[in-house]
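Let's walk through this one together, starting with the sulfur chemistry and then moving on to helices and sheets. Keep the viewer open as you read.

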Amino acid sequence: MLMTKNSMTKRKTFIFACFGIAIGLCIGTVLKNYRALEIVKRCSLKPNNLKTPFEIIGLKPEDTIQNSQKNLVFVGVMTAKNFIEGRARAVYDTWGKEVPGRIAFFSSEGSFSDELPVVGLKNVDDRYPPQKKSFMMLYYMYENFIDKFEWFIRADDDVYIEPQKLENFLRSIDSSKPQFIGQAGKGNTEEFGLLSLEFDENFCMGGPGVILSSETLRRVAPHIPTCLKNLYSTHEDVEVGRCVQKFAGIPCTWNYEMQYILRHNSSGRAAFTGKLKRKEIHNAISLHPIKQAPLMYRLHSYIQGLKAEEMRQESLMLHRDIKRMAKYLEIPDDSRYLVPGITLIPEEENSKRHVEDHNILGISPDLNKYVPKTKEDLLEWSFIARGLYSIEHSNPKHKIDSAMREGLEDVITEVMENINNYSRQRGRVIEFRELLYGYTRLNTLHGQDLILDLLLIYKKYRGKKMTVPVRRHLYVQRAFTGIFVKEFEEDFYNTTLQRSFFKNILNQGVEKLTNHFSLPGILPSSRTSGVGAKSRIVFVLPIAGRLATFKRFLDTYEQVAITEDKNCDLLVVIFGSQDEVHDHLELLKQLKSRNIYQQINYIQRQEEFSRGVALDTAARSSYIQDDNIILFIDVDMVFKLETLQRIRMNTIQGSQVYLPIVFSQYDPKRQHQEYISPEEITNESGYFRQFGFGICAIYKSDIMDESINGFDKDITGWGLEDVKFLEKIVKNGHQQNSFMVNTAEVSEDYNAKAAQLRRLSIFRAPDPSLVHIYHDISCDVNLEVAQYNMCLGTKANSLGSTKLMENLFFDNVDNLDFIKEFNRRKEMR
């Protein structure tokens with residue numbers, strides 16, 4: 001019995017042992033194969049491992065400093081695996097390709113890219129601070145390229161460098177001497193004394209870039225292992241500076257101007273997200289930090305725009321030089337030839353892209369360039385003060401718009417920079433304080449003329465010091481340059497129109513079929529074929545009385561919205577007792593009977609008319625769904641099919657509200673007419689009502705958002721509810737933080753918060769298909785002061801054009817006599 005028990009125990013032990021060995025062999029085989037697969041995978045995805053250092057950066061072995069202009073500088077950009085497709089690519093796509101030399105991106109071991117010159121440093125990871133990465137990058141430069149470039153730059157992947165300015169700067173410095181150039185630092189107040197720096201030691205801040213001459217790198221690189229073994233702080237730029245100080249014997253450049261040449265912005269993620277038209281951006285060689293790739297592209301686009309401006313200005317100066325020289329050589333103005341057979345301005349054969357008139361562009365700046373031939377040809381000047389006084393505008397006195405303000409700022413900034421170019425040598429500086437007044441006019445042939453009265457502050461800081469306010473007149477002509485025309489090989493407009501036409505036919509045909517049958521997979525739903533491409537529009541119309549005008553509106557609605565568009569609803573909010581609205585309801589009933597499948601609804605309110613109450617009631621009603629576009633409209637409006645197309649195109653759910661600028665007709669009786677056709681869009685027939693916000697298109701989900709929450713219902717009578725509503729939308733847009741979404745560089749949580757925010761912007765544009773038919777305006781004296789003044793302003797604007805009012809005034813002899821008498825008495829005073 002005992003022997004049997006022992007034999008069974010041994011048998012069990014043997015079975016378990018065999019089972020364990022089998023499992024171990026299986027696990028070992030899997031691990032071995034997995035390791036082999038990983039090795040194969042890594043080898044197949046690392047083409048850079050097969051490239052030499054020269055091949056990675058596209059450098060030929062025979063290229064040297066002596067025989068190539070592209071061997072001025074080597075830029076090493078420190079990055080990480082996670083940032084290669086974000087920041088690194090942005091650097092390479094923008095300024096990286098324009099470097100007067102070569103560029104490479106240094107990352108951790110195993111990093112690679114098929115399209116970017118990426119170097120994966122052996123035994124280096126992406127941990128922060130990147131001390132080892134920085135030193136090993138410098139050693140890689142020394143080991144492979146020390147004799148191929150004059151200069152070497154250590155840069156981060158969040159810096160923007162202006163290549164042309166960098167080249168001009170480096171070519172002015174002797175690279176054969178040890179140079180260590182950057183923005184010098186000794187640490188912030190919290191770190192002072194903790195970086196183990198002597199009183200005369202400093203370091204070059206790494207953010208905006210560090211520049212080393214080849215001689216400096218040659219002295220430092222052999223000692224990099226020693227520097228890595230003796231680190232005194234966690235800051236890699238401090239340790240690089242310490243290493244250079246010890247083995248090259250030079251500190252970082254002590255120069256006050258370096259903080260403007262290599263510019264570091266201390267705003268962090270908010271740096272360079274706002275206005276780019278600033279002096280620091282115009283003058284700097286490098287800008288740091290640009291934390292997100294979209295900001296890098298934005299900045300590069302702006303810098304390229306500045307270069308284009310400089311080239312256009314240079315072209316204009318050359319035209320003037322040629323014109324001046326031609327005058328000295330007695331070449332007639334209408335001659336195209338310098339001598340027979342040689343053109344004055346060579347032109348490329350078959351070139352149709354540049355259209356310019358040398359005789360116009362070559363004229364020197366002069367306020368009398370344009371000589372009018374008749375009184376009608378005179379150019380009027382507009383007066384600039386706190387506002388802009390101009391006869392070209394329907395409102396003679398109005399606010400200076402953003403474009404005009406920006407143009408004035410550009411002119412003044414450029415002039416002040418030119419004045420202060422040599423301020424240091426002259427021991428004085430002149431500061432701009434205020435624009436007191438000015439005049440401006442626009443000549444479509446020559447450009448913009450400006451006369452500005454400036455208040456300046458003259459400061460002398462050398463010799464006898466003084467600060468004196470001075471006034472100076474500034475005469476400026478902003479000349480136009482040549483016209484550049486982009487041509488297409490085919491009739492682009494008609495081709496696009498034809499494609500759109502046939503696409504609409506196809507979509508409409510399938511849409512008719514899908515009303516009866518389900519056709520999955522053939523065409524996407526019209527609702528999803530574009531932003532608001534076929535969203536249902538719900539017309540919301542408040543009405544009280546005005547039966548004839550109401551009938552005209554219903555006729556227009558039936559023709560356009562029902563017959564042509566076929567994807568609209570009508571919701572009328574009607575005020576009055578049952579007897580007062582009987583005829584209105586009868587018209588709605590007749591319209592409904594003719595179009596039984598259409599949603600034509602009404603809400604009756606037996607109270608005093610309030611447009612705000614009407615619009616708010618309609619927006620909250622169950623007749624409108626969250627994904628419907630609400631069009632708040634007036635009974636005096638006429639519209640077309642293209643009006644509805646613009647509404648769908650310009651109204652974006654959760655993002656954009658559309659406030660079209662409608663064309664408002666003048667009083668036809670002032671022009672001795674009974675009626676003005678809505679098709680007549682001229683300066684004499686009406687005007688675009690820029691200050692009217694009553695016609696609005698917005699999604700219901702947006703207007704019901706808690707930050708807007710409908711209309712103000714406390715306003716009764718005419719007007720003001722649209723202004724209050726506009727203020728809500730503007731406030732909603734301003735209170736939200738702006739996000740630049742870049743999934744390669746920010747956390748998912750960051751993007752999730754951005755997606756949850758409802759940021760409504762306002763889009764406005766003149767719409768000639770949306771016309772307000774003239775009607776007599778009666779302003780109730782019992783209205784609130786603000787409403788009454790707005791009503792009077794609208795009434796005055798609708799009387800007629802400025803030209804008509806001028807003719808009516810001067811045609812009356814009594815008015816002329818009054819002006820003469822008024823001026824006579826004024827002179828006597």
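Which handedness does the link of cysteine 204 and cysteine 252 have? The link is right-handed, with 105 degrees about the S-S bond.

Before going further, a word on what you're looking at: this is a predicted model, where local features need pLDDT of at least 70, side-chain atom pairs count only at pLDDT 80 or more, and totals for chains, interfaces and linings use all residues. Residues are numbered from 1 along each chain as its sequence is written, and side-chain values use heavy atoms, with hydrogens and water left out.

**Disulfides**

Take a disulfide to be a pair of cysteine sulfur atoms within 2.5 Å. By that rule there are two disulfides here. Their sulfur distances and torsions go like this:

| Pair | Sulfur to sulfur | About the S-S bond |
|---|---|---|
| Cysteine 204 and cysteine 252 | 2.0 Å | 105 degrees |
| Cysteine 227 and cysteine 243 | 1.9 Å | about 70 degrees |

What does the link of cysteine 204 and cysteine 252 tie together? Cysteine 204 sits in strand β8 (residues 203–204), while cysteine 252 is in the loop between α8 (236–247) and α9 (258–261), so the pair joins parts that are 48 residues apart in sequence. Helices (H or I, at least four residues) and strands (E, at least two) are DSSP runs, numbered from the N terminus. As for cover, cysteine 204 is buried at a relative accessible area of 1%, and cysteine 252 also counts as buried, at 1% relative accessibility. Buried here means under 20% relative accessible area, exposed over 50%, and partly exposed in between (1.4 Å probe, protein chains only).

The sulfur atoms of cysteine 227 and cysteine 243 are 1.9 Å apart. Cysteine 227 belongs to helix α7 (residues 224–229) and cysteine 243 to helix α8, so this disulfide ties together parts 16 residues apart in sequence. The torsion of about 70 degrees makes this disulfide right-handed, and both of its cysteines are buried.

Two further cysteines are worth a click: cysteine 568 is buried, with a relative accessible area of 0%, and cysteine 696 counts as buried at 1% relative accessibility.

**The whole chain**

Zooming out, the protein has 25 helices and 32 strands. It has 829 residues, and 40% of them count as buried. The accessible surface (Shrake-Rupley method, 1.4 Å probe; for residues, only the protein chains shown count as cover) comes to about 49,100 Å², with 54% of that belonging to carbon and sulfur atoms. If you count contacts (heavy atoms within 4.5 Å) with a separation of 6 or more, 71% of them are between residues 24 or more positions apart.

**A strand covered on both faces**

Now find strand β25 (residues 629–632). Which of its residues are buried on each side? Ile629 and Leu631 are buried on one side, and Ile630 and Phe632 on the other, so to speak a strand with both faces covered. Two strands pair if DSSP finds at least two bridges between them. Strand β22 (residues 537–543) runs parallel to β25, joined by four bridges, and valine 540 has phenylalanine 632 of β25 as its bridge partner. Strand β30 (residues 696–699) pairs with β25 in the antiparallel sense, again over four bridges. There, isoleucine 630 is partnered with isoleucine 698 of β30.

**A six-stranded sheet**

Strands of a sheet pair through backbone hydrogen bonds, either parallel or antiparallel. One open sheet has six strands in the order β3-β2-β1-β4-β9-β6, with mixed pairing. Its edges are β3 (118–120) and β6 (180–181), each with a single partner strand, so one side of each is left without a neighbour in the sheet. Two bridges connect β6 to strand β9 (residues 210–213) in the antiparallel sense, and the bridge partner of isoleucine 181 is isoleucine 211 in β9.

Helix α5 (residues 163–170) lies across β1 (73–78), β4 (151–156), β6 and β9, and runs at about 40 degrees to β9. That angle is taken between N-to-C directions, from 0 to 180 degrees, using axes fitted to C-alpha atoms, for helices over the stretch in contact.

**Helix α4**

How far does helix α4 (residues 131–145) reach from its first C-alpha to its last? Its 15 residues span 21 Å, close to the 21 Å expected at 1.5 Å a residue; the expected span is 1.5 Å times one less than the number of residues. Buried residues in α4 include Phe135, Leu138, Met141 and Phe145.

**A three-stranded sheet**

Another open sheet has three strands, in the order β5-β11-β10, and its pairing is mixed. β5 (160–161) and β10 (262–264) are the edge strands, each pairing on one side only. β5 runs antiparallel to strand β11 (residues 286–288), with two bridges between them. Tyrosine 160 finds its bridge partner in leucine 287 of β11.
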